[in-house]
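Grab your viewer and let's work through a few packing exercises together. Each one sets a task and then walks through the solution.

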Amino acid sequence: MGLNTQSMIFTIYGDYIRHYGNKIWIGSLIRLLKEFGHNEQAVRVAVSRMVKQGWLQSERQGNKSYYFLTTRGVSRIDEAGRRIFKLDPHEWDGKWRMLMYSIPEEKRQIRDDLRKELLWSGFGSFTHSCWISPNNLEKEVEWLIEKYEIQEFVDFFASEYMGPKDNAELVKKSWPLEEIEAKYEEFVSAYGKQFIIHQSLLNEGKMSDADCFVERTKLVHEYRKFLFIDPGLPKELLPPMWSGNHAALLFRQYYQLLAEPASDFFEAVFEKGNDLRKKDKAYNANDHPYIVK
């Protein structure tokens, strides 16, 4: 099968369902996942797991079960979307956010979960219990402190680095930029070739709407993996020829190539058993609402 069922469901919620009323009939979800080789049982098991994990909630309408993102799920999906579609590095305000903690051994699980959350948000491990980021992550940190109830174990600062080294050294110490750049180069190499092939096939009328749906979803699914490794550093702290910029440009062009026919396929499936009128009026597949201009 290749692609994890739960992970694919997250991708489809983020790229489609979130903009169509945030809710879908399980039958429609099963039909969509069938395009990737996932069977009904795998989808139902994954959805059940996502409910238990607090990402989804269920709702009965007659004899049909519908699933929608919880408040927590919406928050995570929206954060991921803004980061995926932020296709140009932002300007830096010159401040470093620094989170220091001393969480006791008996709360080891909380400590481990916190580290995963910090990595996801783009923090870098400066030292064992000190995490830094040049990005404005105050709200995310407040949410994490509240979620894990660790007020007494943490301290959070926003400050300038006064030396003796420079800011580039802090970046080098906290993030493996060369490894991240190599991953971007792999993405550009693989998807650059696919882009040219699919562009040609579409021009010749040899790709169906279903094909475009599959390829667009796979593209987003693959590109969103960078959320787990790329901290989204401001342009002032990136190398001058950052491969992430080339990957972002390719992603935008490829996404827009597939956008309309992919959405047509999704809507053809979605309208059977769901309310297409719930579609966000601001949503345009070619001009994704998460894209930061």
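Before we start: an axis here is a line fitted to C-alpha atoms, for helices over the stretch in contact, and angles run from 0 to 180 degrees between N-to-C directions. Keep in mind that this is a predicted model.

**Exercise 1. Work out how α2 and α10 pack, and which residues do the touching.**

Step 1: find the helices. α2 covers residues 26–34 and α10 covers residues 243–270.

Step 2: get the geometry. The two axes are 9 Å apart, at an angle of about 140°.

Step 3: classify it. Angles over 145 degrees count as roughly antiparallel. The angle found in step 2 makes α2 oblique to α10. As for handedness, the two cross in a right-handed way.

Step 4: list the contact. α2 brings S28, R31 and L32, while α10 brings F265, F266, V269 and F270. Sorted by class, that contact of α2 with α10 has 5 nonpolar residues, 1 polar and 1 charged.

**Exercise 2. Do the same for α5 and α6: what is their relative orientation?**

Step 1: locate them. α5 spans residues 108–121, and α6 spans residues 138–148.

Step 2: read off the numbers. Their axes come within 11 Å and cross at roughly 165°.

Step 3: apply the cut-off. Over 145 degrees counts as roughly antiparallel, so α5 and α6 get that label. The crossing is right-handed.

Step 4: look at who's involved. From α5 you have I110, D113, L114, E117, L118 and S121; from α6, E140, W143, L144, K147 and Y148. The class breakdown for α5 with α6 is 6 nonpolar, 1 polar and 4 charged.

**Exercise 3. Sketch the sheet of 3 strands and say which strands stand at its edges.**

Step 1: write down the order. The sheet is open, runs β1-β3-β2, and pairs antiparallel.

Step 2: pick out the edges. β1 (23–25) and β2 (56–61) each have a single partner strand, so one side of each has no neighbour in the sheet.

Step 3: add the twist. On average, neighbouring strands are turned by 30° against each other, ignoring direction.

Step 4: zoom in on one pairing. β1 and β3 (residues 64–69) are joined by 3 bridges. For K23, the bridge partner in β3 is F68.

Step 5: put the helix from Exercise 1 back in. α2 lies across β1 and β3, at about 85° to β1.

**Exercise 4. Zoom out: how is the chain divided into domains?**

Step 1: take the bounds from the domain assignment. Domain 1 is 5–73, domain 2 is 96–159 and domain 3 is 176–278.

Step 2: check the spacing. The C-alpha centres of domain 1 and domain 2 are 31 Å apart.

Definitions and conventions. Residues numbered from 1 in each chain as written. Predicted model: local features only at pLDDT ≥ 70, side-chain atom pairs only at ≥ 80, totals over all residues. Heavy atoms only, no water. Domains from an automatic or database assignment. Helix = DSSP H or I, 4+ residues; strand = E, 2+ residues; numbered from the N terminus. Parallel < 35°, antiparallel > 145°, perpendicular 65-115°, else oblique. Left-handed = near helix turned anticlockwise from the far one by under 90°. Contact = heavy atoms within 4.5 Å. Nonpolar A, V, L, I, M, F, W, Y, C, P; charged D, E, K, R; others polar. Pairing = 2+ DSSP bridges.
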